[in-house]
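Here are a few exercises to work through with the model open in your viewer. Try each task before you read the solution.

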Amino acid sequence: MALAVAVFLPAVLWTQWNNAVPGEEQLARGAVISLNAVGSPETGSTGQVRLVIPDEGGDGWRTATGQNRQSSAVLVHGSVWVEVRAVAGVGDLSVLFERQSRELGNGDPAMFTTGRAQYTSPAGLTGYRGPLTGERYGGMLYVLGNGDVAAVVVARAPLGRLDGEAASIERLLALLEVS
């Protein structure tokens with residue numbers, strides 16, 4: 001009995017530890033990620049953001065397993081990290097964009113928006129996007145909505161590397177649904 005415990009206990013503990021530690025998992029082309037949006041109790045608003053991993057150029061998308069939640073997911077493609085969050089009870093997309101800009105400016109590493117422009121995604125979602133810059137990272141902030149539900153998409157990469165992944169991000173945004 002003691003021998004069985006000595007042999008199997010480390011294996012069981014390693015498996016549990018390995019599952020608890022953040023890592024990355026490969027995503028198949030066509031994989032669907034559904035995120036739930038729940039607004040404040042005052043609004044009672046709910047919704048969903050649905051993201052499909054593209055078939056074209058879909059190779060290489062991974063999910064950061066320790067970072068995912070019911071209302072957000074972190075995807076990795078090459079050197080780019082893309083965080084997608086579902087938000088409900090949104091009254092004004094420009095206000096949400098400014099709030100997200102402030103949060104990114106207070107984050108670690110701090111990233112600052114250097115502008116804001118109206119944007120329509122390839123899927124027809126409307127909202128805003130703005131370039132992000134930081135000490136070692138650059139990126140793009142997207143706030144796209146449908147009614148009072150929005151998707152907040154933050155794409156980050158080491159400086160100079162986001163340009164090479166712009167087409168991959170556009171393919172991902174083409175399959176983003178907000179309802």
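**Exercise 1. Place T46 and decide whether T46 is buried or exposed.**

Start with the element: T46 sits in strand β3. Keep in mind that we're looking at a predicted model. Next comes accessibility: the relative accessible area of T46 is 56%, and exposed means over 50%, so T46 counts as exposed. Now look for partners. Skipping neighbours within four places in sequence, T46 is in contact with A37, A88 and V149. Finally, check G89: T46 and G89 are 43 residues apart in sequence, yet their C-alpha atoms are 7.3 Å apart in space.

**Exercise 2. Do the same for two loop residues, D55 and T65.**

D55 first. D55 belongs to the loop between β3 and β4, and with a relative accessible area of 52% D55 is exposed. Beyond neighbours within four places in sequence, D55 has contacts with R29 and G30. The C-alpha atoms of D55 and R29 are 5.0 Å apart, with a sequence separation of 26 residues.

Now T65, in the loop between β4 (62-64) and β5. Here the relative accessibility is 34%; that falls between the 20% and 50% limits, so T65 is partly exposed. Its C-alpha atom is 6.6 Å from that of E25, 40 residues away in sequence.

Then zoom out to the chain. Among contacts with a separation of 6 or more, 54% are between residues 24 or more positions apart. The chain has 3 helices and 12 strands, and 39% of its 179 residues count as buried.

**Exercise 3. Check the length of helix α2 and find what its buried residues pack against.**

Step one is the length. Helix α2 has 13 residues (93-105), and at 1.5 Å a residue they should span 18 Å; the end C-alpha atoms are 18 Å apart, so the two agree.

Step two is the buried side: L93, S94, L96, F97, Q100, S101, L104 and G105. Step three is the packing. The buried residues of α2 pack against β6 (80-88), β7 (111-113), β9 (126-134), β10 (137-146) and β11 (149-158).

**Exercise 4. Which residues touch the most other members of the largest nonpolar core?**

This core has 31 residues, and L75, V82 and L176 are the ones that touch the most other members. Elements giving two or more residues to this core are β2 (32-38), β3 (46-52), β5 (72-77), β6, β10, β11, α3 (166-174) and β12 (176-178). Apart from it there is another core of 14 residues, including V87, L93, Y128 and V154.

Take V82 as a close-up. Leaving out neighbours within four places in sequence, its contacts are W61, A73, V74, L75, V153, V154, A155, I169 and L172.

**Exercise 5. Describe the largest pocket and the peptide bond from D108 to P109.**

Begin with the volume of the largest pocket, about 280 Å³. Of its 15 lining residues, W81, E83, D108, P109 and R156 are the closest to the centre. β6, α2 and β11 each give two or more residues to the lining. Sorted by class, the lining has 8 nonpolar, 3 polar and 4 charged residues.

Now look at the backbone. P109 is in the loop between α2 and β7. Most peptide bonds are trans. The bond from D108 to P109 is cis, with omega near 5 degrees.

How values were computed: Residues numbered from 1 in each chain as written. Predicted model: local features only at pLDDT ≥ 70, side-chain atom pairs only at ≥ 80, totals over all residues. Heavy atoms only, no water. Helix = DSSP H or I, 4+ residues; strand = E, 2+ residues; numbered from the N terminus. Expected span 1.5 Å × (residues − 1). Buried < 20%, exposed > 50% of the residue type's maximum accessible area, 1.4 Å probe, protein only. Contact = heavy atoms within 4.5 Å. Core = buried A, V, L, I, M, F, W, Y, C linked by side-chain atoms within 4.5 Å. 1 Å grid on protein atoms, 1.4 Å probe; cavity = no way out; pocket = protein on both sides within 12 Å on 5 of 7 lines; lining within 4 Å. Points joined across faces, edges and corners; volume = space filled by probe spheres on them. Nonpolar A, V, L, I, M, F, W, Y, C, P; charged D, E, K, R; others polar.
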